[in-house]
Amino acid sequence: MAAILRMHAAREVRHWYSTKEKVEQNRYRPKAETLEGRPVTKRNFCQRTTANCTQRQGEALSGLDRIREAVKRDKSIRLNNLMHHMTIDLLREAYQEQKSEAAPGIDGVTWEKYGVELETNLSDLRKRVFSGRYRATPSKRVWIPKPDGSERPLGIPVLEDKIIQQAVVWITNQIFEEDFLGFSYGFRPGRSQHNALDALSVGITQRKVNWVLDADIQSFFDRVDHEWMMEFIKHRISDPKMLRLIQKWLRAGVSEQGQWSKTTVGTPQGAVTSPLLANIYLHYVLDLWVRKWRETQAQGDVIFVRYADDFVMGFQHKQEAIRFLGELKERLAKYKLTLHPDKTRLIEFGRYAEGNRKKCGEGKPETFDFLGFTHICARTRKGNYFTVRRKTIAKRMRNKIKAVRRELMYRRHDPVPEQGKWIRSVVQGHFNYFAVPNNKRSIDIFRTEVIRGWFRALRKRSQKARRLTWDRFNRLLETWVPKARILHKYPTQRLRVTYSR
């Protein structure tokens, strides 16, 4: 079975990579193709947008440059000597990268406890990895609520697994970042949700998009096929020790309430390697196939933006969108995946959608949700040009307001400065993500509802606290609650900076 899978996978990859990339990439930046109307530039330096991308990590990765350079020179190379890069220094940086307040795994070892004898522990860990005595520990499964009311399983690995996984991610990222395509944005260095949102907005407004396919792969992380995953990784990595490590994590299983269960498919959400493995899997299953389909079968404009297992496509012609959707289902089924029936929709959306629906006696164009925002067909302030308006998903904002109110009631007896610091972090964090152009009303509502919740919580501290007036309370607001203002640039302006013309 493995030989058959390897043969089919290798055949597809040889075909996909028959056309070489024409643009030489910079040292740390991912590829940016001319796909969504954004020409490639040699001046697109890496923009580290996450808290984890620190100068310390850059120093830890400096010794991995040779890997990236080798992959850049030869698109078909398979690396078979990677483990020597896993030095004590790299493991130490991987340890420092972990959150000190994170919940421990099933062994109960915390970040502080492990750090008491850090050098000894790391040396022993490295010896066990190189000798083959290292064993992956099952992840502790917990359930977290989702916006739709259901629950998502989350796996919490033990700290040693996190350290090794982080080191492996840093090493393998040097390889696969040279392969990943420009329309893939999820969990990649120098890329964020707002990069994906901007690319989608610019693609819809500046390309001939009349239909939008809003797609979601059902339970993707729980359905990743292990055999296909290993075959995809082997296209670039032939180091047996590295491959054995990844297999150990995939097969480690989960522990829930003391009961161990085997995992034959899927990769646990919460594992350090899960985002990278998801990108590798979808790169071969989806991204390369979409690029080939667009180049060889599409007659009109087609745009594609993917963030992890959520992706949006724009089509010029409805019939092409329908045909693509049918072929997409067959493609995913081949790799044990399916589209979510309720979250996958083909809607009329674009500059002509409102006029076309009005002629047919239909209502306003439908909207779609992507990365926390509802996307709406709209016009500029003067009404001259078509634009895509983005606002916070209403249901998600209501749920967050309720959660903040509950937490405020729980904290109502804390000192007021402590409450103020917490509220400032919550409100500012919300603004940092949702304060995009044309979303001022939504962030105003969020701020107002948080203020009302805090006022009610303070008045319930005691009988005396009921005397609190809005005049006195407003002085607290000036100190602790940030003003609602737009923090992000318009999509075209941000892309102009990132991809300078």
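How many bridges join β9 to strand β10 (residues 373-379)? Three bridges do so, and the two strands run antiparallel; this pair returns in the fourth view below.

This is a predicted model, in which local features need pLDDT of at least 70 and side-chain atom pairs count only at pLDDT 80 or more, while totals for chains, interfaces and linings use all residues. Residues are numbered from 1 along each chain as its sequence is written, and side-chain values use heavy atoms, with hydrogens and water left out.

**View 1. The whole protein holds 19 helices and 11 strands.** Helices (H or I, at least four residues) and strands (E, at least two) are DSSP runs, numbered from the N terminus. Of the 501 residues, 51% count as buried. Buried means under 20% relative accessible area, exposed over 50%, and partly exposed in between, with a 1.4 Å probe and protein chains only. Now look at contacts, meaning heavy atoms within 4.5 Å. Among those between residues at least 6 apart in sequence, 73% join residues at least 24 apart.

**View 2. Four strands make an open sheet in the order β6-β7-β3-β8, with antiparallel pairing.** β6 (302-307) and β8 (345-348) stand at the edges with a single partner strand each, so one side of each has no neighbour in the sheet. From one strand to the next, the twist averages 15°. Angles run from 0 to 180 degrees between N-to-C directions, and axes are lines fitted to C-alpha atoms, for helices over the stretch in contact. Helix α12 (residues 274-296) packs on the sheet and touches β6 and β7; its direction makes about 175° with that of β6. Helix α13 (residues 318-334) lies across β3, β6, β7 and β8, and runs at about 145° to β7.

**View 3. Strand β3 (residues 211-216) pairs with strand β7 (residues 310-315) in the antiparallel sense over six bridges.** Two strands pair if DSSP finds at least two bridges between them. Strands of a sheet pair through backbone hydrogen bonds, either parallel or antiparallel. To trace the match by eye, find leucine 213, whose bridge partner in β7 is methionine 313. Then find aspartate 216, whose bridge partner in β7 is aspartate 310. β3 is also joined to β8, by four bridges, and these strands run antiparallel. There, valine 212 has isoleucine 347 of β8 as its bridge partner. Why is β3 largely enclosed by the rest of the structure? It is because six of the six residues of β3 are buried. Trp211, Leu213 and Ala215 point one way, Val212, Asp214 and Asp216 point the other way, and all are buried.

**View 4. Another open sheet has three strands, in the order β9-β10-β11, with antiparallel pairing.** Here β9 (368-370) and β11 (386-392) are at the edges, each with a single partner strand, so one side of each is left without a neighbour in the sheet. The twist averages 40° from one strand to the next. Between β9 and β10, look for aspartate 369, whose bridge partner in β10 is threonine 374.

**View 5. The second largest cavity has about 80 Å³ of space in it.** The structure holds five cavities of 30 Å³ or more. On a 1 Å grid over the protein atoms alone, a cavity is a set of points where a 1.4 Å probe fits but cannot get out, and lining residues have an atom within 4 Å of a point. Grid points are joined across faces, edges and corners, and a volume is the space filled by probe spheres set on the points. Which helix gives the most to the lining of the second largest cavity? It is α11, with four residues. Both α6 (118-131) and α11 (240-251) supply at least two residues each. Met83, Phe130, Tyr134 and Lys248 are among the lining residues. The lining divides into five nonpolar, one polar and four charged residues. In this grouping, Ala, Val, Leu, Ile, Met, Phe, Trp, Tyr, Cys and Pro count as nonpolar, Asp, Glu, Lys and Arg as charged, and the others, Gly among them, as polar.

**View 6. Isoleucine 233 has its place in helix α10 (residues 226-234).** This residue is buried, with a relative accessible area of 0%. Leaving aside neighbours within four places in sequence, isoleucine 233 is in contact with Phe176, Leu243, Ile246, Leu277 and Ile280. Isoleucine 233 and isoleucine 280 are 47 residues apart in sequence and 7.3 Å apart in space, C-alpha to C-alpha.

Terms used:
On a 1 Å grid over the protein atoms alone, a cavity is a set of points where a 1.4 Å probe fits but cannot get out, and a pocket is an open set with protein on both sides within 12 Å along at least five of seven lines; lining residues have an atom within 4 Å of a point.
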